[in-house]
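Subject: Structure handover

Hi,

Here is the structure I promised to pass on. Have a look at it first, and then read my notes below.

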Amino acid sequence: MKRDYYEILGVGREAPLDEIKKAYRKLAMQFHPDQNPGNKAAEEQFKEAAEAYAVLSDADKRQQYDQFGHAGMGSNGGGGFQFDPNQFADFQDIFGGIFGGGIFGDLFGGGGRRRSGGGERGSDLQYTLRIKFQDTLFGIDAKEIEIPRMESCGECKGSGCAPGTGPQVCPQCRGNGQVAVRQAFLQMYVPCPRCEGRGQIIPSPCGTCRGGGRVHKRSKVKFRVPAGVDRGQRLRIQGEGESGVSGGGAGDLFIVFDLEKDAQYERDGFDLHRKQEVPWPLMVLGGELPIETPYGKDTLKLAAGTQADKIVKLPNAGVPRLRGTGRGDLYLHLRVSVPTKLSSGQAQLVRQLLDDDVASGLVAEPEEGFLAKVFGGDKGRKKKKR
């Protein structure tokens, strides 16, 4: 059983790309084969971390993984990612070869330095939406919600600069966005503390956003709720999260569904369960019973002698399948419906049935008080002469 990629890197499911990169860098340095010669366990952990990063650092692969897990990654589990331990000549290559090109090239940029002027992606947002039972069956074509989020400042168009001014190259990192630091025999590059890795500073900040390039707003978002959604499932709306910084892309909005309980139906996956009252003569003799389903009227056909604890399945009368055709099934749990009051004609027929059962020894002779209650005031049956 493959481990969860987020668990491998030790990050949350909503972690931004920068946090994922930082977590991977830490694990790669810890478990790199050159740091652990001959340690197969460390090598496997290094491969595991590399595979997790290959998926979670790619927006399309991450979306597939978030929706379908490892099943969405194909037969290799990592979206076709193949690990070759021979691609690293020594420990320094972790900053040159692996981070300088290929699928990891955007971590430090080629050669270990982060490219200046790169924007920061906006944060993802999560919204819990409670929907009615009927909405899970038929969906909602145009659902609208209002969410608070950071949006690009209209005054400075997201630049953070006051009107008529612009950013300047950071004098500390000279526009590189990073500065070199040395640890033991390694030289590493870290984000510039003055410009926070942007490579630019803003001498005259915008008065509306105070140089941040974003402001708090409440915005309306419209989307479609697909039929078949269940409690706890998530819908991803790309680009509807918070706006990015310095030209970075917007984050995503995740809608988490919560369902109201229904008085009649109980859901089990795509199947539905419901109790169904049936008149006892129909269960004895068999026949057809008109019933209501979530999609309209139907007819339930019962065989003679149907038992009270029987469960009857109505195919394709359950919840629509999210990623397929058709629907689940509706299971009716039959219950005997016993009348509380009978007409004189009905009482006479029931008395005759009871007489036959008593004569056959199937039931004991009822007391007169009991018969009076059942048959609406009768003093009881006259006992047959022996």
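Before the notes, one term: two strands count as paired if DSSP finds at least two bridges between them. Keep in mind too that this is a predicted model.

With that term in hand, start at strand β12, which covers residues 287–293. β12 pairs with β13 in the antiparallel sense, over seven bridges. One of the residues involved is T293, whose bridge partner in β13 is G296. The two strands make a hairpin, with two residues between them.

For the overall picture, the chain has nine helices and 15 strands. Of its 386 residues, 39% are buried. If you take the contacts between residues at least 6 apart in sequence, 63% of them join residues at least 24 apart.

Now to the helix I spent time on, α3.

How far apart are the end C-alpha atoms of α3, and does that agree with the span it should have? The helix runs over residues 40–56, which is 17 residues, and at 1.5 Å a residue it should span 24 Å. Its end C-alpha atoms are 24 Å apart, so the two agree. At the N-terminal end, N39 acts as a cap: one of its side-chain oxygens lies 3.1 Å from the backbone nitrogen of A41.

Quite a few residues of α3 are buried, among them A42, E43, F46, Y53 and L56. What covers them includes α1 (5–9), α2 (17–31) and α4 (59–68).

That leads to the cores. In soluble globular proteins, nonpolar side chains tend to be buried together. Here the largest nonpolar core has 22 residues, and those with the most contacts inside it are Y5, L9, V11, I20, Y24, L56 and Y65. The elements that give two or more residues to this core are α1, α2 and α3. Which of them gives the most? That is α3, with eight residues. There is also a second, separate core of 18 residues, which includes Y265, V278, A317 and L334.

Y65 is worth clicking on. Leaving out residues up to four places away in sequence, Y65 touches R3, D4, Y5, Y6, R13, V55, L56, H70 and M73. Y65 also forms one aromatic cluster with Y5 and Y6.

On aromatics more widely, the structure holds five aromatic pairs. Two of them are worth showing on screen:

- Y24 and Y53 are stacked, at 4.8 Å centre to centre with 20° between the planes. This pair links distant parts of the chain, as Y24 sits in helix α2 and Y53 in helix α3, 29 residues apart. Both Y24 and Y53 are buried.
- F138 and Y295 are edge-to-face, at 5.6 Å centre to centre with 75° between the planes. F138 lies in helix α6 (residues 133–138) and Y295 in the loop between β12 and β13, so this pair ties together parts that are 157 residues apart in sequence.

Are F138 and Y295 buried or exposed? Neither: F138 counts as partly exposed because its relative accessibility is 47%, and Y295 counts as partly exposed at 27%.

Two loop residues to finish with.

T306 is in the loop between β13 (296–302) and β14 (311–314). Its relative accessibility is 13%, and since buried means under 20%, T306 counts as buried. The T306 side chain reaches the backbone oxygen of A303 at 2.6 Å. Not counting residues up to four places away in sequence, T306 touches M283 and L334. You have already met L334, as one of the residues in the second core.

G211 is in the loop between β6 (200–201) and β7 (214–225). With a relative accessible area of 22%, G211 is partly exposed. Setting aside neighbours within four places in sequence, G211 is in contact with G160, I202, P205 and C206. Where does A162 come in? G211 and A162 are 49 residues apart in sequence, and their C-alpha atoms are 8.0 Å apart in space.

Over to you, and enjoy the look around.

Cheers

Key:
Residues numbered from 1 in each chain as written. Predicted model: local features only at pLDDT ≥ 70, side-chain atom pairs only at ≥ 80, totals over all residues. Heavy atoms only, no water. Helix = DSSP H or I, 4+ residues; strand = E, 2+ residues; numbered from the N terminus. Expected span 1.5 Å × (residues − 1). Buried < 20%, exposed > 50% of the residue type's maximum accessible area, 1.4 Å probe, protein only. Contact = heavy atoms within 4.5 Å. Polar contact = N/O pair within 3.5 Å; in protein donor to acceptor, adjacent residues only side chain to side chain. Core = buried A, V, L, I, M, F, W, Y, C linked by side-chain atoms within 4.5 Å. Phe/Tyr/Trp six-rings, centres within 6.5 Å; stacked < 30°, edge-to-face > 60°.
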